[in-house]
Structure formats: structure tokens, C-alpha cells
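Colleague: I would like a close look at a single part of this model, taken strand by strand and then set beside the other chain. Please keep it to what the coordinates support.

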Amino acid sequence: MSRSHVVTSTELQSLRDLELMTKTTVEGLRQGLHRSPFHGYSAEFSQYRHYRPGDDLKYVDWKAFARTDRIYTRQFRETTNVSALFVVDISKSMDFGSKFVLARTVAAVLGTLVLDQGDAAGVLAVDERAHLVPSRSGHHHLRLLLSELASLAPGGSASIAEALRRAATILKRRGLVIVLSDLYEDDEAIGQIRRLARMGHDVIVIHTLSRGEMTLDVGGAAEFVDLESGRRMTVQPSAARESYIAAFNHWLHHVEQQLRRDGIDYLRLIAGEPLEPALRRFLVGRRGLS
Amino acid sequence: MSIFWTAPAALIGLALVALPIAVHLLARRNVRTLPYPSLRFLRQTQLAAFRRRAIEDAALLICRLAIVALAALALAGPVLQNDARQAAYLQRVSRAIVLTRDGVDREAMERAADGAFRSIVITRLTMADALAEASRWFDEQPPSAREIVILGALRRGVLNDVDVAAVDRNIGIRFMPATIETPSTTVVPILSRRAGKLVAISRQVRADVDATQVTDGPLSAVSTDLVRIIASSTDTPLAEAALAAALDAGIPWTNFNQRIVIAWDGADTGSVGRNTGLIRMPVPAAVQAAADAVREVLLTASRPRFREPVLITAEQLAAWTRSPGAPSADAPIADEGDRRWLWGAVLVLLLIEWRMRRAPAARQADQSEEARVA
């Protein structure tokens, strides 16, 4: 499976200059771009502290000693690489209005960025079974990642909450978890997202939606069939639209508020709308926060 | 318990229940199916209304099916044959009142018809014809007890065992002997003997005396000095023979009450006599024998007088009398039956159907009004 099946080169090239930074400290195995919970000696200065016997004299700030007549040791923030796991919702509700294509594209783009910056990326999706590509780094891993993304299709019976539950058990070290879902099982899903955040993971929720489901712009009267439950309901959209949009927006606001309150990054993407500006804003915003 | 249908052909109308089903299915088919991620927000806003609508749709269909089915059943005219109805059938009596050829007064007929569910008065030349006509009439009547009432003078010969046996065993037979009405007078031919010859004259006599009077005396002496032979008007030869016999016998004609009577019991038998000792014989076929008999009777010393009709004995009437049995199983049921209940149910269902159709529109109007106000 070539990567062009999942993401176009235009989409990739437009964002290639960006990096996906972690907002919180993560634990990596090797040096990278991201803040580590450990302090050590690297390129990024962190703080001074009084010299203590045993400190490497290499890190003594002699200029400061000359100015203040006190011996300070320079401390540096240790940076590490990040292990990012894309948790993709492949439940039936994602099979509406290119939502899943959007989620897959975003996962591919961000996965490419993560791998480009030397970090590790993996994919997890759950339907009747778990589709897992463990987080690895290196460009050779990109092909596997994109291939797995291309093989995914919505229609699974498991919810995103189940995938998040599995992610919590899979992830051994603190890392980056990127959730791509329409969050219709929001109560359970948000619970699991919070759990991941409490475990120390940097969680990004990318809420993928379609314009049609936001505005109930689906034509005339129809018998709506719930993709998840199969429940049927006859609806005249023109009559129901006003209250539907109000309820939907209220729900969106509620979900975003819940996530942001717990310090979880939230990005809402709408299928069919330009992806690059939205992702750019988001990535730049995260870089500023890091 | 069973159901009788007065118009079973209308049950074909039950096939019309397919009409609302087809309309319902076609109407539903017009709505496209749209897979949708979640109905949760529709539930919040519209689900209650539409769930109600869905229930109403099913209820509406059932209501319409019931209306069509009940209307078809009502048109078919069901009559539930339960015990109460069967008992009611036995309580009512269809009565055929068969009159003998004697005159019967209206009051007697009204008494005979009193309390009858349906009644008819039948008069025929013979009793056999009258009874057959009564049976045919019963066949056309609704289920009921059936009874024939034979009303009249009940002369001997009017009815016999064969006539009674021909009547269905379940049809009751009852006799109401009636006194013959006092008739008015009528003009009858009279054979008068003048100068040794019989001449035909006419005379006004009682109408019920269906007779030819034959007299030997002058017309003015008929009421006082008379020998009368009363016979059937169609039997002038018999009367003439009888008169001749009387004259030959030297009967003195001046005696006021000397009468020779030939009384008729039926179509072909009669009695000839004076006060007593009637002789029964087939009269029309034996005129000479009758004449001989008349002569014989006239020669006796007893005084002839007008003879009253010979009636069927009370014992015989009691033997023929019987109570009505079960109504005929084939009797046509023309009752209104139970269809009125079905029509009532149809009306109620129509009202419910109208309200069910109106309810969603009213709700929509209310919502529009609320939205407009908001």
C-alpha cells in the first residue's frame, strides 16, 4: 500500500516544515525534541543550581562565578524522543460523510511528521479485533504505518472507548496519544481519555466530523438508521434542523469543555474543509505551548 | 353458538382490508433510508414526537383495517345464533290462519292472529291447497315457531288425516271453531212444480243456503205449504229426481215443516234425510240412488227439518291438534341482527381515526406557533 492512498503529497509537503511537539514531558529512550522528566546535560539550558561536590566541573559557569563569587552549576533540560500512538475510531458511526477518510488522512500526516522528526509512531484501531502497529521510529516504519492505516475501514462493532482502554494497557511509558474519533460514545470515551491523561500521557483529541451531521443538511424526509445501533427513526430534517443544530452545538461545546478542563488538547476537524490551515494552526499552537 | 350471515356475499368486502395495508406500505416506501451516525440529537429534539408518530402510524393502520373489516362484516349482516336468540325465535309465532269456506267474522280472525309475530289469512277451494300455501308462506318467514290455525265451522269433510300428515311435523296445528255469520239473503234459482211440471223461478233466500229449492206449490205458498229439497245449486238433476221421488211417494205438501234435506259435507259426499237417519253416499254419481233414498226417507213418519252441518268431532280435532316445534333451520333471517353493533363500532373507529390523523398536524401547528412566538 503506497502512502498516496492515505495521504496526498500536497498535504504532506504543506506541513513538512512543522513538528508535532509534546506539551507535557514524555519518557523516551533516546534524545529527541521533547521534554523529558529527567534533567541532565544537553543543548537546552534549564537553570542554575549551587555547586555540589561531585558535579562535573565542565558545567560550572565560570562567568557567573567571576561576577558573583559563587559557584553555580548549569543544568540542562534533557530532551527525549516521543512515542506517539494514533488511536483511530473505526466504529460504524465513522462511516459517514468522509469522516473516516479525514481521520485516516490526519493520522497519516501527523504520523509522517512524527517519524520525520525522529520520533516513534504507531496505530491502534479496534473492531472485532485489535489492529495494532506498535510505535517504532524510522522511515522504514512509515510504510507499515500507512499500510495499516490504508487497510482500516469503518464498520467495527467496538467503540473508541475500547480502543482507548487497550491503549492504556499497551503504553508502558508516558507518550503522546492522538485520538481520532467522532466521540459519539463520549461519556465512556472521555473517561478513558482522562485516564490516559492521568497516566501522564500527552493526549490530543482530534474530533472528526462531517458538515452534514453538524447541520442536518441531508435532504428531505428520511428514515434515519443509526449506524451504531440500527435503530430507525423517520425525520423531516427541515422541521428538526433548528433544535438538532442547537443540541449538536451544545454537545460539541460540552465535549470540548470537558477535555480542555483536563488539559487535553482538542482539535475539531470537519471533513471536506481545508485540512492544512487547521492542522498548521494547531501544530504551531502546540509548539508555542511546549 | 354459530353466526348466520344475512348477506354473506358482502364478506368479499373483507378483501378490501388489503387497501389500507397497501397504502401504508406504499406510503412508507416513499421515505428513503439514510444511514446516520447517531440519532441521539434527534432523540433530544424530535424523538418523542416521532416515536409517538410511529406508534400512531401502526395504530392508524390497525384502526383503518378494523374500520374496513367491521364495515364488511356489518354489510354481511351477522346474526349471532346464541341461546338467547334461539329462545327468542321460539317465543315468537308465525301464524297462518286458514279459513274454511264458511263465512267467518273479522273478530274471530283477529282473535286468531292475536299475539302472532307474523300472520297471514289463507282461503283456498280445498283445505289441502290452503295447507300447502301455508307451508310455502312459512318457508319465507324469519325463524319462529310456526302454527296453522284452522278457523271456521269445521264441517266434516273439510279436513282429513292425509291433509294433516302432509304438514311438517314442526308446524303446529290448532282449530278455532267459529260460528257461521248470519248471512244476508241472496237470490237462488228455485224449481217450482206447477201443473205437474217443474218450472224455474227465482227466490230470495238466506245467502248461506247454497241450495236449489224445489217446490210443488204456488209461489205464495212457499213459506207455509212447502216441500223443499235443498241441494247443491249445481245439482238440479238431483233435486229434480228427489222432488219427483217425493211426489211419487204421495207426500202431502201442505205440511209446513216437511222438508227433505240433502246436506253436503264435502265435495262429493252428502247426506239425505229427514230428522234423523242420514244416509251418506257419493251423491253426484248416484242421482237415482239419492232419489230412491229420498223417497224412502219421505215415506217414514218422522218429520223432516232443515239439517245443521255435520261437524268434525272434538276427539278428532284433539287428535289433529299439535304444538309448534323448532323453527326451520333454513328459515331466512331477515333480522337486523348484530350489524347495528358493528356499525356503531365503525363510527367510533372513524372518529378515532380522524383524531389520530388530526393529532400530528395539530402538534406541528402548535410547534410552528411556538417557534413563531419565540
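How many bridges join strand β4 (residues 93–99) of chain B to β6(B), and do they run parallel or antiparallel? Please describe the surroundings of β6(B) as well, and then go through the sheet and helices of chain A.

Modeller: This is a predicted model, and what follows should be read as such. Strand β4 (residues 93–99) of chain B is joined to β6(B) by seven bridges, and the two run parallel. One of the residue pairs is V93(B) with A145(B), its bridge partner in β6(B). There is a further parallel partner: seven bridges also join β6(B) to strand β7 (residues 171–177) of chain B. Here R146(B) has I171(B) of β7(B) as its bridge partner. Strands of a sheet pair through backbone hydrogen bonds, in either the parallel or the antiparallel sense.

As for the surroundings, strand β6 (residues 145–152) of chain B has eight of its eight residues buried, so the rest of the structure largely encloses it. In a regular strand the side chains alternate between the two faces of the sheet. Both faces of β6(B) are covered. On one side A145(B), E147(B), V149(B) and L151(B) are buried, and on the other R146(B), I148(B), I150(B) and G152(B) are buried too.

Turning to chain A, there are nine helices and eleven strands. Of its 290 residues, 42% count as buried. Among contacts in chain A with a separation of 6 or more, 76% are between residues 24 or more positions apart.

Chain A has an open sheet of six strands in the order β6-β5-β4-β7-β8-β11, with mixed pairing. Its edge strands are β6 (130–137) and β11 (265–271) of chain A, each of which pairs on one side only. On average, neighbouring strands of this sheet are turned by 15° against each other, direction ignored. At the β11(A) edge, the pairing with strand β8 (residues 202–210) of chain A is parallel and spans seven bridges. Within this pairing, L209(A) has I270(A) of β11(A) as its bridge partner.

Two helices lie across strands of this chain. Helix α5 (residues 160–170) of chain A lies across β4, β5 (120–126), β6 and β7 (176–181) of chain A, and runs at about 140° to β5(A). Helix α6 (residues 186–198) of chain A lies across β7 and β8 of chain A, at about 155° to β8(A).

These helices also meet each other. The axes of α5(A) and α6(A) come within 8 Å and cross at roughly 15°. Angles under 35 degrees count as roughly parallel, and α5(A) and α6(A) are therefore roughly parallel to each other. The crossing of α5(A) past α6(A) is left-handed. From α5(A), the contact is made by I160(A), A161(A), L164(A), R165(A), A167(A) and A168(A), and from α6(A) by E188(A), A189(A), Q192(A), I193(A), R195(A) and L196(A). By class, this contact has eight nonpolar, one polar and three charged residues.

Two loop residues of chain A remain. S98(A) is not a glycine, yet has a positive phi of about 65°. S98(A) sits in the loop between β4 (83–88) and α3 (99–116) of chain A, and it counts as partly exposed because it has 18 C-beta neighbours inside 10 Å. L216(A), also a residue other than glycine, has a positive phi near 55°. L216(A) is placed in the loop between α7 (211–215) and β9 (222–226) of chain A. With 22 other C-beta atoms within 10 Å, L216(A) is buried.

Terms used. Residues are numbered from 1 along each chain as its sequence is written. Chains are lettered from A and ligands numbered from 1 in the order in which they are written. This is a predicted model: local features need pLDDT of at least 70, side-chain atom pairs count only at pLDDT 80 or more; totals for chains, interfaces and linings use all residues. Helices (H or I, at least four residues) and strands (E, at least two) are DSSP runs, numbered from the N terminus. A residue is buried if 20 or more other C-beta atoms lie within 10 Å of its own, exposed if 12 or fewer, and partly exposed in between; C-beta atoms are placed from the backbone. Two residues are in contact if their C-beta atoms, placed from the backbone, lie within 7 Å. Two strands pair if DSSP finds at least two bridges between them. Axes are lines fitted to C-alpha atoms, for helices over the stretch in contact, and angles run from 0 to 180 degrees between N-to-C directions. Angles under 35 degrees count as roughly parallel, over 145 as roughly antiparallel, 65 to 115 as roughly perpendicular and the rest as oblique. A crossing is left-handed if the near helix is turned anticlockwise from the far one by less than a right angle, and right-handed if clockwise. Ala, Val, Leu, Ile, Met, Phe, Trp, Tyr, Cys and Pro count as nonpolar, Asp, Glu, Lys and Arg as charged, and the others, Gly among them, as polar.
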